[in-house]
Amino acid sequence: MNYQHFISPQTQYYHLSKPFELEGGEVLTGVQVAYRTWGKLNLEGDNGVLICHALTGSADADDWWEGLLGSKKALDSDHNFIVCSNILGSCYGTTGATSINPQTGIHYGASFPAITIRDMVRLQAALIQYLGIKSLQLVIGGSLGGMQVLEWALLYPEIVKAIAPIATDGRHSAWCIGLSEAQRQAIYADPNWLGGNYTVEQPPTQGLAVARMMAMSAYRSWHSFTERFGRQYDASADQFAIASYLQHHGQKLAERFDANTYITLTQAMDSHDIAQGQDYESVLQSIKQPALVVAIDSDILYPPVEQQELADLIPNAQLVWLKSTFGHDAFLIDTAGLNQLVINFRQALEIVSLSRSQSPTGNVPY
């Protein structure tokens with residue numbers, strides 16, 4: 001249950017001095033947040049950019065989003081103070097199921113409480129305050145990261161100046177919930193699961209691997225698999241090449257990720273609904289920040305109709321297309337195209353900001 005060797009040595013840690021109350025009423029003590037930063041915070045504290053990672057991601061955005069992060073890229077570390085923190089409930093340094101429960105002295109395991117996307121964002125906000133960031137020029141993320149982005153816009157409108165939710169939705173669909181439940185059932189069916197009380201020596205590796213195989217099938221597209229594999233046969237494994245590919249990725253995740261963590265985070269995603277009992281359309285219409293809503297034309301997990309809805313209802317939203325055959329995972333694969341979309345958005349924001357500063361009324365629409 002120690003995933004330290006998957007965490008970059010550049011990772012820093014913030015320890016909350018106070019207990020952290022979750023939306024469900026549970027209270028966590030001794031909470032730790034793992035995070036990475038790039039660039040420097042200016043004296044005004046207003047050049048911050050926050051990256052929100054997806055389901056099995058980490059704070060190491062320079063690894064999984066290298067195409068967007070760095071000098072002269074969309075997330076320019078020469079001009080911005082860029083932060084990416086490992087989310088609450090993950091196994092890459094921030095408090096989660098693999099952490100030691102200070103109340104018992106043993107790993108939380110199955111006893112780790114249910115969390116929400118809003119819990120993740122509130123913990124990130126505590127980190128942002130600790131770092132001295134007064135304003136976030138942009139909050140950006142894809143998939144689960146995009147869910148966090150929308151919550152940031154709603155919870156902290158005085159801090160967040162612009163958002164970029166990518167390949168995501170405002171509330172989890174029956175389609176996504178069903179796929180997540182099937183993946184969880186694969187984990188539960190593993191004889192090593194033991195109700196989540198498995199041992200370090202015998203985790204539910206096979207169940208987690210099968211869950212990942214299901215997920216990978218939804219992360220890509222018909223065209224992606226057809227073009228890459230077709231009906232190609234892997235003679236060495238005596239099976240179709242696509243089967244070998246999925247098994248490889250399933251085993252790879254099982255070696256680097258925790259099953260209880262997977263359960264916790266997918267359940268948090270299923271609970272995702274920014275309205276939380278209020279009128280959904282009205283809540284989206286209350287988001288006032290300029291928004292770059294990115295849709296992937298081949299995404300079957302979060303289909304473009306969901307991003308179209310976001311763009312239609314968020315007043316200052318712009319819908320752009322990342323055209324790719326890779327499906328949902330295109331935001332992690334076709335990073336050159338995504339990088340240019342974000343650059344264009346940020347340049348447009350700078351033009352608007354300059355125009356407002358030169359306008360007698362300061363009233364220039366986005």
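Which residues in helix 4 meet which residues in helix 5? From helix 4 come L179, A182, Q183, A186 and I187, and they touch G207, L208, V210, A211, M214, A215 and A218 in helix 5. Contact here means heavy atoms within 4.5 Å. By class, the residues of this contact are 10 nonpolar, 2 polar and no charged. Ala, Val, Leu, Ile, Met, Phe, Trp, Tyr, Cys and Pro count as nonpolar, Asp, Glu, Lys and Arg as charged, and the others, Gly among them, as polar.

A quick word on what you're looking at: this is a predicted model, where local features need pLDDT of at least 70, side-chain atom pairs count only at pLDDT 80 or more, and totals for chains, interfaces and linings use all residues. Residues are numbered from 1 along each chain as its sequence is written, and side-chain values use heavy atoms, with hydrogens and water left out.

**Helix packing**

Two packed helices are described by the angle between their axes and the distance between the axes. Helices (H or I, at least four residues) and strands (E, at least two) are DSSP runs, numbered from the N terminus. Axes are lines fitted to C-alpha atoms, for helices over the stretch in contact, and angles run from 0 to 180 degrees between N-to-C directions.

| Helix pair | Axis distance | Angle |
|---|---|---|
| Helix 4 (residues 174–188) and helix 5 (residues 205–219) | within 7 Å | roughly 160 degrees |
| Helix 5 and helix 7 | within 7 Å | roughly 125 degrees |
| Helix 4 and helix 8 (residues 259–270) | 10 Å | about 160 degrees |

Helix 4 is therefore roughly antiparallel to helix 5, and helix 4 and helix 8 are roughly antiparallel too. Helix 5, on the other hand, is oblique to helix 7. For the wording, angles under 35 degrees count as roughly parallel, over 145 as roughly antiparallel, 65 to 115 as roughly perpendicular and the rest as oblique.

As for handedness, helix 4 passes helix 5 in a right-handed crossing, but helix 4 passes helix 8 in a left-handed one. A crossing is left-handed if the near helix is turned anticlockwise from the far one by less than a right angle, and right-handed if clockwise.

On the helix 8 side, the helix 4 residues in contact include C176, I177 and S180, and their partners in helix 8 include A259, Y262 and I263. That contact has 7 nonpolar, 4 polar and 2 charged residues.

Helix 5 and helix 7 cross in the right-handed sense. Their contact includes T205, L208 and R212 of helix 5, with Y245, H249 and R256 among the helix 7 residues. The split there is 8 nonpolar, 6 polar and 2 charged.

**An aromatic link**

The whole structure has 15 aromatic pairs. One of them is F225 with Y245, an edge-to-face pair at 6.0 Å centre to centre and 75 degrees between the planes. F225 sits in helix 6 (residues 222–228) and Y245 in helix 7 (residues 241–256), so the pair ties together parts that are 20 residues apart in sequence. Rings of Phe, Tyr and Trp (its six-membered ring) pair if their centres lie within 6.5 Å; planes under 30 degrees apart count as stacked, over 60 as edge-to-face and the rest as tilted.

**The sheet**

There is also an open sheet of 8 strands with mixed pairing, in the order 1-4-6-5-7-8-11-12. Two strands pair if DSSP finds at least two bridges between them. Strand 1 (12–15) and strand 12 (317–322) are the edges, each with a single partner strand, so one side of each has no neighbour in the sheet.
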